[in-house]
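This report covers pockets, ligand shells, backbone outliers and a few packing details. Please read it beside the model.

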Amino acid sequence: MPQKKKVIPIRAITKPEPQPRRQYDCSKCPGYCCSYPLIEVGKRDIARLARHFGVSYEHAQKNYFKFDRGAKVWSLRRKKDEHFGQICRFFDTDKRRCTVYEARPGVCRDYPEASKCGYYEFLRFERSHQQDPEFVATT
Ligand code: SF4
Ligand code: SF4
């Protein structure tokens, strides 16, 4: 009787898709996307920030987020900002950067979902137009 051949599974060797080069630099941006009036979060985002600060889910939800009755979603609380009027409470308004980068919500991770950021294009244009690399253009 012929011996049964051992079947060796063949796995497709797939190379990861090359990611398009990022054409924006958040470190040079005053944080337009962090000034959105409503930055929606989910339970996982709240839980992640609760873990980050070592507080309970309830504490994080109450202190870092607010429920938007119109949109019926939880969103990041905001604070005053000299450029945009209001900005995310986790934004460092002196250094112009996120203070919870590792624990930031999913929506912040995904934005701008492309190799280009429209805000950054706008900023670059305005800075070149004003011949001022520090200029903060408001929309
Ligand atoms: S607006 Fe664009 S460039 Fe500016 S911080 Fe957000 S993602 Fe970065
Ligand atoms: S959590 Fe960080 S990245 Fe997200 S809006 Fe706030 S400051 Fe910006």
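Buried means under 20% relative accessible area, exposed means over 50%, and partly exposed lies in between, with a 1.4 Å probe and protein chains only. This is a predicted model: local features need pLDDT of at least 70, side-chain atom pairs count only at pLDDT 80 or more, and totals for chains, interfaces and linings use all residues. Residues are numbered from 1 along each chain as its sequence is written, chains are lettered from A and ligands numbered from 1 in the order in which they are written, and side-chain values use heavy atoms, with hydrogens and water left out.

## Backbone outliers

Most residues other than glycine have a negative phi, and most peptide bonds are trans. K72 is not a glycine, yet has a positive phi of about 60 degrees. K72 is exposed, at a relative accessible area of 62%. The loop between β2 (65–68) and β3 (73–76) holds K72. Helices (H or I, at least four residues) and strands (E, at least two) are DSSP runs, numbered from the N terminus.

E113 also has a positive phi, of about 60 degrees, without being a glycine. Its relative accessibility is 68%, which counts as exposed. E113 is in the loop between α3 and α4. P112 is found in that loop too. Y111 and P112 are joined by a cis peptide bond, with omega about 5 degrees. G54, just after α1, takes a positive phi of about 65 degrees.

## Pockets

Rolling a probe the size of a water molecule over the atoms shows where empty space is left. The search uses a 1 Å grid over the protein atoms alone and a 1.4 Å probe; a pocket is an open set of points with protein on both sides within 12 Å along at least five of seven lines, and lining residues have an atom within 4 Å of a point. Grid points are joined across faces, edges and corners, and a volume is the space filled by probe spheres set on the points. For residue classes, Ala, Val, Leu, Ile, Met, Phe, Trp, Tyr, Cys and Pro count as nonpolar, Asp, Glu, Lys and Arg as charged, and the others, Gly among them, as polar.

| Pocket | Volume | Lining classes |
|---|---|---|
| Largest | about 890 Å³ | 26 nonpolar, four polar, nine charged |
| Second largest | about 170 Å³ | four nonpolar, two polar, five charged |

The largest pocket has 39 lining residues, and C26, C33, R104, C108 and Y111 lie nearest its centre. The elements that give two or more residues to this lining are β7 (97–98), α3 (106–110) and α4 (118–130). Which element gives the most to the lining of the largest pocket? It is α3, with four residues. The second largest pocket is lined by S27, K28, C29, P30, H83, K95, R96, R127, P133, E134 and V136.

## Ligand shells

A residue is near a ligand if one of its heavy atoms lies within 4 Å of it. A ligand sits in a pocket if more than half of its atoms lie within 2 Å of the pocket's grid points. Ligand 1 takes space in the largest pocket. Ligand 2 takes space in the largest pocket as well.

Around ligand 1 are Y24, C26, C29, Y32, C33, Y111, C117, Y119 and Y120. That shell has nine nonpolar residues, no polar and no charged. Around ligand 2 are C34, I39, L76, C88, F90, F91, C98, V100, P105 and C108. Its shell has 10 nonpolar residues, no polar and no charged.

## Packing of α1, E40 and K79

In helix α1 (residues 43–53), D45, I46, R48, L49 and A50 are buried. The cover over these buried residues includes β1 (40–41), α2 (57–64), β2, β3 and α3. Contact means heavy atoms within 4.5 Å.

E40 belongs to strand β1. E40 is partly exposed, with a relative accessible area of 44%. Beyond its neighbours within four places in sequence, E40 is in contact with V73, W74, S75 and V107. The C-alpha atoms of E40 and K66 are 9.7 Å apart, across 26 residues along the chain.

K79 lies in strand β4 (residues 78–81). At 28% relative accessibility, K79 is partly exposed. Leaving out neighbours within four places in sequence, its contacts are G85, Q86, I87, C88, R89, F91 and T93.
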